[in-house]
Amino acid sequence: MPNSKPVTFILFLINAVALVTSKSTIEPCTNSDSCNALLAYSLYTDLKVSEVASLFQIDPIALLTTNAIDISYADVENHILPSQLFLKIPITCSCVDGIRKSVSTHYKTRPSDTLSSIADSIYAGLVSADQIKEANSIDDPSVLDVGQSLVVPLPCTCFNGTDNSLPAIYLSYVVKEVDTLAAIAARYETTLTDLMNVNAMGSAAIKAGDILAVPLPACASKFPRYASDFGLIVPNGSYAISASHCVQCSCGPGNLNLYCMPASLAVSCSSMQCRNSNLMLGNVTVQQSSAGCNVTSCSYGGYVNGTIMTTLSTYLQPRCPGPQQFPPLLAPPTTVIRDSTFAPAPAPQSDGSSTPTPTPKTEVVPATGSLPGLPPAGGPVGSFSFSYSVNPSATLMIAAVLLLFAMTSIPL
């Protein structure tokens with residue numbers, strides 16, 4: 001009777017490989033452009049706002065405004081955020097070696113660090129130890145010099161800043177043990193079909209460690225290419241800071257029209273008055289007439305060579321607009337509030353009250369469906385995404401399994 005032990009052992013190894021291999025949605029690219037993107041991140045310990053910002057080399061104020069946290073609080077950059085707090089991290093997504101990723105984050109090693117602890121704990125699974133090893137050409141991962149600066153490649157996607165032909169910004173989300181794709185779709189107010197199309201998924205099956213690209217409705221700017229904040233896009237229900245902290249832009253609720261005004265931090269800024277007008281940036285005047293409502297507005301046109309560009313517009317519309325509405329601001333969080341409405345996916349934190357702050361509603365056009373590996377419905381032409389295994393150790397294990405299988409198949 002043939003010995004079944006080698007076959008049993010092979011099946012065990014194959015199962016082990018399946019358990020350690022996670023997938024990430026990859027967007028191929030061919031040009032050198034970049035876009036704004038977001039990372040879904042949960043704090044591994046209590047950290048100051050400035051410490052979180054330092055981890056990702058981003059502006060602390062940008063971190064706060066992205067999460068609709070009130071920046072008017074005194075010394076807000078030194079506010080201590082609680083462990084496990086969920087945050088959206090704003091990053092720049094570039095085209096590197098033919099795929100979209102962010103390579104602007106650097107980490108200085110500490111005495112107790114390992115590549116695994118940096119990847120799994122400090123950066124919450126957004127990167128793998130093998131990816132850090134490869135990005136830094138590390139021969140022996142067991143030897144890390146204290147104070148060594150490591151490039152931390154982080155996942156991101158652009159997809160032309162659209163989803164189903166509507167403005168969108170993409171959030172890279174690490175799947176947790178308790179997550180389902182339906183719960184993630186519900187939390188971020190999209191559809192199961194849309195998530196599957198964007199991530200080129202043949203089924204709704206996901207597992208812990210997978211990294212999904214989640215489209216979030218957003219307000220897109222139309223600044224000229226020579227503006228330093230060209231391509232600014234703001235997620236619905238949040239804010240962005242620009243023009244050297246002089247201008248604050250918001251998105252929603254109620255529509256996806258970008259609205260910008262002087263920031264509360266504005267101290268030494270260029271003029272924000274529209275030419276040939278008494279209107280300042282963000283001002284709107286209305287005048288009802290028999291033909292409709294005459295609207296005159298002073299809007300933001302981008303930041304060019306230290307100058308805040310403004311545009312004066314006059315147009316006629318059927319009805320006069322009401323007062324400008326703003327996304328609700330949250331007090332700097334001190335505790336983690338669990339929102340079970342769409343559990344188990346994580347939710348933006350409340351300001352400490354017992355009632356979670358509702359996410360502004362927006363229209364999401366459901367996808368019409370597409371084949372795995374093809375562009376998302378309504379997505380960018382000439383671009384596609386695919387799920388890609390990013391665990392070189394697992395690849396080596398598979399090779400060992402195949403070799404062992406070949407050896408046990410040879411008749412003696």
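Here are three short exercises on strands and aromatic rings in a predicted model.

**Exercise 1. Trace the hairpin**

Find how strands E17 and E18 are joined, and how many residues lie between them.

Solution. Start with the two strands: E17 covers residues 284–289 and E18 covers residues 292–304. They run antiparallel, and six bridges join them. Next, look at the turn end, where Ser289 stands opposite Gly292 in E18. With two residues between them, E17 and E18 form a hairpin.

**Exercise 2. Lay out a small sheet**

Work out the strand order of the open sheet of three strands, and say which are the edge strands.

Solution. The order is E14-E15-E16, and the pairing is antiparallel. E14 (239–242) and E16 (259–262) each pair on one side only, which makes them the edge strands. From one strand to the next, the twist averages 25°. Now zoom in on E14 and E15 (residues 247–250): four bridges join them. Ser242 has Val247 in E15 as its bridge partner.

**Exercise 3. Classify a ring pair**

Decide whether the rings of Phe223 and Tyr300 are stacked, tilted or edge-to-face.

Solution. First check the distance: the centres are 5.0 Å apart, and rings pair if their centres lie within 6.5 Å. Then check the angle: the planes stand at 75°, and over 60 degrees counts as edge-to-face. The pair is therefore edge-to-face. Now place the residues: Phe223 lies in the loop between strands E12 and E13 and Tyr300 in strand E18, so the pair ties together parts that are 77 residues apart in sequence. Finally, Phe223 and Tyr300 are both buried.

Definitions and conventions. Residues numbered from 1 in each chain as written. Predicted model: local features only at pLDDT ≥ 70, side-chain atom pairs only at ≥ 80, totals over all residues. Heavy atoms only, no water. Pairing = 2+ DSSP bridges. Axes fitted to C-alpha atoms, helices over the stretch in contact; angles between N-to-C directions. Phe/Tyr/Trp six-rings, centres within 6.5 Å; stacked < 30°, edge-to-face > 60°. Buried < 20%, exposed > 50% of the residue type's maximum accessible area, 1.4 Å probe, protein only.
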